[in-house]
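Dear colleague,

I am passing on the structure below, followed by notes on what was found in it. Please read the notes with the sequence open beside you.

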Amino acid sequence: MRSTRWFWACVAVLFVLANSAAYAQGHGKGHNKHGDHDDDDNDRGRYVYSDRDRDEIRHWYRGHQDNLPPGLAKRDRLPPGLERQLAVRGTLPPGLRKKIQSCPDDLERRLPPPPRDCRHVVIGGHIVVLNTRSFVIVDVFHFELR
């Protein structure tokens with residue numbers, strides 16, 4: 001009888017501890033163990049270039065091939081090693097941060113607004129949704145230049 005009560009007391013304590021730990025993890029204040037990127041995770045979870053957005057970007061590019069702004073011409077392509085660093089959910093390295101160009105206004109108007117703290121930018125022939133606070137790459141449109 002005494003061991004049964006001890007068993008149920010332990011189960012109750014474990015239940016309370018497990019629930020309080022889950023509550024603290026989901027609602028606690030303080031630092032996120034993954035680098036305090038709550039907004040970045042939310043941005044990536046809900047914003048990607050849709051097929052329609054990609055079609056708009058291709059259409060805009062075809063219409064401007066003869067007069068492309070800096071960052072989008074073939075000569076502006078990145079070497080393969082730097083190109084691999086343009087990965088969704090990756091952090092833009094300092095060397096590539098120097099190559100950021102503003103997205104052309106007329107292309108920007110064709111795209112949906114980016115998430116909070118993000119903007120559309122051009123980097124080495126690619127359109128990128130970049131979190132400008134953390135430099136996390138939310139999405140990338142790679143042009144297939146020929």
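Helices (H or I, at least four residues) and strands (E, at least two) are DSSP runs, numbered from the N terminus, and two strands pair if DSSP finds at least two bridges between them. This is a predicted model, in which local features need pLDDT of at least 70 and side-chain atom pairs count only at pLDDT 80 or more, while totals for chains, interfaces and linings use all residues. Residues are numbered from 1 along each chain as its sequence is written, and side-chain values use heavy atoms, with hydrogens and water left out.

In β3, N131 is the residue that stands opposite C118, and β3 runs antiparallel to β2, to which 6 bridges join it. The open sheet consists of 4 strands in the order β1-β2-β3-β4, with antiparallel pairing; β1 (101-102) and β4 are its edge strands, each pairing on one side only.

Across β3 and β4 lies α3, which runs at about 50° to β4 (axes are lines fitted to C-alpha atoms, for helices over the stretch in contact, and angles run from 0 to 180 degrees between N-to-C directions).

The largest nonpolar core (buried Ala, Val, Leu, Ile, Met, Phe, Trp, Tyr and Cys residues joined through side-chain atoms within 4.5 Å, where buried means under 20% relative accessible area with a 1.4 Å probe, protein chains only) has 17 residues, of which Y49, I57, L72, L107, I127 and F143 touch the most other members. At least two residues of this core come from each of α3 (51-63), β2 (118-123), β3 (126-131) and β4 (137-142), and α3 gives the largest share, 3 residues. Another core, of 10 residues, lies apart from it and includes L78, L86, L96 and I123.

Best wishes

Conventions. Buried means under 20% relative accessible area, exposed over 50%, partly exposed in between (1.4 Å probe, protein chains only). Contact means heavy atoms within 4.5 Å.
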